[in-house]
Amino acid sequence: MIDIYEFLRENNIQNLLLNTTNEFLVEYNTLEENSLYKVTNFSGSTGWGLVKPDMIYLFVDGRYHIQADLEVDHSKVKVVKLQSGQTFLGELLKVLPEGSDLALFSKKHSVNRVNEFSKYYKLTLIDNDPLEYHSHEHALDDSDEIIHLDENFTGLSVSQKGKKVAQSVNLGEDEVILLTNLDDISYLFNLRNYSIPYSAKIKAKALIFKNEAKLFNIDKFSELEHFLKESDLKILVDPDSTNDFDYNLIKDKCYIYENPIPKIRSVKTSEELDNLKKAFLKTDKSLSAVRDYINNNENISEYDVEQKLIEEFQNNGALGLSFKPIIAKDKNSALAHYSKSSKDEIITEGSLVLIDCGAYFEGGLATDITRVFVKGSACEVHKKVYTLVLKAFLKGFNSDYKTGYEIDQEVRKFLNENAPDGFVFNHGLGHGIGINVHEYPPSLSNSDLAKVKIEDNMCFTIEPGLYKQGEFGVRLENSCYMKDGKICSFVNMNYEDKLIDYDLLNEDEKQQLKFFEVK
């Protein structure tokens with residue numbers, strides 16, 4: 001492993017910015033390609049690191065406050081905990097003053113992100129990240145692992161999707177769109193690859209012409225690069241999903257455009273909705289079997305539960321998991337993104353167990369669900385917190401608001417007003433789902449991004465929670481979709497009767513619980 005401070009000295013760098021992604025700007029990156037993990041030992045999927053000559057600063061949002069504290073060496077890493085409403089850049093400016101020198105890896109930041117940093121810092125762009133295992137050098141043709149989805153799953157052919165994209169931006173004969181976002185490419189070409197854990201995406205880049213779309217696998221990247229350099233066409237790029245290195249290769253030919261594909265793929269076809277419904281039935285069955293496993297077995301650990309969950313998903317036809325499952329008992333459930341699944345954490349009488357999980361089935365779209373179970377009898381504080389979170393979910397589920405921002409605010413207000421002392425709701429209410437388990441649009445949060453209207457056939461989660469560090473946390477998550485202006489649930493998995501205080505529910509809420517039953 002390279003010594004990061006030696007790297008700074010050898011390259012005359014004062015300040016180096018690190019993040020968790022790779023050259024495709026993915027959310028869930030492998031640890032082999034995760035520079036931030038290599039330097040800080042923080043394994044969360046999202047975070048930022050600033051390496052200074054005397055200290056490393058790790059910036060994490062509310063999902064990762066506790067996890068970061070547990071994973072880093074505090075003698076070397078200072079954890080900066082972003083609170084609701086705070087931005088990474090705003091807090092970075094408090095640690096690194098405006099006008100300072102700042103180096104970053106150009107392949108791991110979007111064009112827009114680099115432009116934003118350049119407003120405040122004197123940037124040095126580094127082409128290659130020495131901390132990363134360079135997968136391209138070891139890449140083999142993975143065509144045997146790529147699955148072509150039938151239109152019974154997608155509802156639209158590759159040709160239809162390509163034309164829809166070209167028409168949406170009025171693409172001319174003298175123009176071509178460069179695509180590097182893996183979700184967009186996997187969607188457009190109706191392709192999936194489950195060989196990488198917690199992913200269904202293929203690794204490729206693509207070009208969209210007015211009348212055709214062309215795919216370039218990893219072994220064809222040099223061919224793509226040659227075409228882009230030699231072509232006389234105007235090259236349209238999305239500055240949010242194109243890394244700065246790729247952009248600068250062809251900067252003189254690039255034209256910025258607003259990528260329509262995220263919005264197009266967020267509105268699911270009837271075929272996609274039908275296959276998601278089938279996938280969630282299998283997800284419900286898998287999780288229900290795990291609940292029975294917890295209730296009927298003694299001396300089992302978080303790790304044992306994770307292995308049972310994987311087995312049940314496989315039994316129900318899962319082709320892969322959509323993210324690393326969260327199996328968190330008691331105090332670990334207070335970590336919104338706890339991911340250890342420890343062999344040493346044994347589930348005993350009265351243990352609370354939070355399970356957040358999802359998978360990919362033959363339709364190629366992610367499922368996502370969270371439930372909380374109790375081994376044996378529940379205590380009163382468990383029941384109170386659980387029931388408040390359940391009421392919060394039902395409030396969001398029944399909301400008449402049309403934007404995720406409004407739904408989030410309604411639920412957040414309820415939890416803030418009713419949460420027991422020390423319990424907090426410190427993350428967004430929900431996110432879009434699709435090829436990736438986290439998609440945008442839509443969003444349910446207190447950010448401006450969530451002020452976009454949720455349209456019919458958009459799919460998203462509603463996942464309120466309450467957490468108290470050192471004690472426990474409860475999160476209840478249903479994946480949902482909008483139909484005729486009304487929120488509908490993909491999930492039928494029932495709630496934990498032993499944890500519900502029915503005295504806190506009104507009659508309408510009690511009636512609605514009858515809908516949630518594993519079929």
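In the predicted model, strand S16 (residues 352-357) pairs with S18 in the antiparallel sense, the two being joined over six bridges. Within this pairing, Val353 has Phe373 of S18 as its bridge partner. Both strands belong to an open sheet of three strands, which follows the order S15-S16-S18 and has antiparallel pairing. Strand S15 (326-329) and strand S18 (369-374) stand at the edges of this sheet, and each has a single partner strand, so that one side of each is left without a neighbour in the sheet. From one strand to the next, the twist averages 15 degrees.

Two helices pack on this three-stranded sheet. H12 touches S16 and S18, and its direction makes about 20 degrees with that of S18. H13, in turn, packs on the sheet through S15 and S16, its direction making about 145 degrees with that of S15.

The two helices also meet one another. Packed helices of this kind are described in general by the angle between their axes and by the distance between the axes. For H12 and H13, the axes come within 9 Å and cross at roughly 145 degrees, and the crossing in which H12 passes H13 is right-handed. On the H12 side, the contact is made by Thr283, Ser286, Ala289, Val290, Tyr293 and Ile294, which meet Asp304, Val305, Lys308, Leu309, Glu312 and Phe313 in H13. The residues of this contact divide into seven nonpolar, two polar and three charged.

Several of these residues recur in the nonpolar interior. The largest nonpolar core has 52 residues, and those with the most contacts inside it are Ile177, Leu179, Ile208, Ile294, Val305, Phe313 and Ile355. H12 gives the most to this core, with eight residues. A second, separate core comprises 44 residues, among them Ala334, Leu394, Phe423 and Leu513. As for Ile177, when its neighbours within four places in sequence are left aside, this residue is in contact with Val165, Val169, Leu171, Ala206, Leu207, Ile208, Leu236 and Tyr257.

The loop between helix H12 (270-296) and helix H13 (302-315) contains Asn299, whose phi is near 60 degrees, a positive value in a residue other than glycine. Asn299 is exposed, with a relative accessible area of 62%. A positive phi also occurs at Asn41, where the angle is about 75 degrees although the residue is not a glycine. Asn41 is found in the loop between helix H2 (35-40) and strand S2 (48-52), and at 40% relative accessibility it counts as partly exposed. In general, most residues other than glycine have a negative phi, and most peptide bonds are trans.

Departures from the trans form are found at two successive peptide bonds. The bond from Tyr440 to Pro441 is cis, with omega near -5 degrees, and a cis peptide bond likewise joins Pro441 and Pro442, where omega is about -5 degrees. Pro441 lies in strand S20 (residues 439-444), and Pro442 is found in strand S20 as well.

Strand S2, which follows the loop holding Asn41, takes part in another open sheet, one of six strands in the order S4-S3-S2-S1-S5-S6 with mixed pairing. Here strand S4 (77-81) and strand S6 (122-126) stand at the edges, each with a single partner strand, and one side of each is therefore left without a neighbour in the sheet. Neighbouring strands of this sheet are turned by 25 degrees against each other on average, direction ignored. Within the sheet, S2 and strand S3 (residues 55-60) run antiparallel and are joined by five bridges, with Val51 standing opposite Ile56 in S3.

Helices are also placed against the six-stranded sheet. Helix H4 (residues 88-95) lies across strand S1 (16-19), S2, S3 and S4, and runs at about 160 degrees to S3. Helix H5 (residues 111-118) packs on the sheet by touching S1, S2, strand S5 (101-105) and S6, and its direction makes about 145 degrees with that of S6.

Methods: Residues numbered from 1 in each chain as written. Predicted model: local features only at pLDDT ≥ 70, side-chain atom pairs only at ≥ 80, totals over all residues. Heavy atoms only, no water. Helix = DSSP H or I, 4+ residues; strand = E, 2+ residues; numbered from the N terminus. Buried < 20%, exposed > 50% of the residue type's maximum accessible area, 1.4 Å probe, protein only. Axes fitted to C-alpha atoms, helices over the stretch in contact; angles between N-to-C directions. Left-handed = near helix turned anticlockwise from the far one by under 90°. Contact = heavy atoms within 4.5 Å. Nonpolar A, V, L, I, M, F, W, Y, C, P; charged D, E, K, R; others polar. Core = buried A, V, L, I, M, F, W, Y, C linked by side-chain atoms within 4.5 Å. Pairing = 2+ DSSP bridges.
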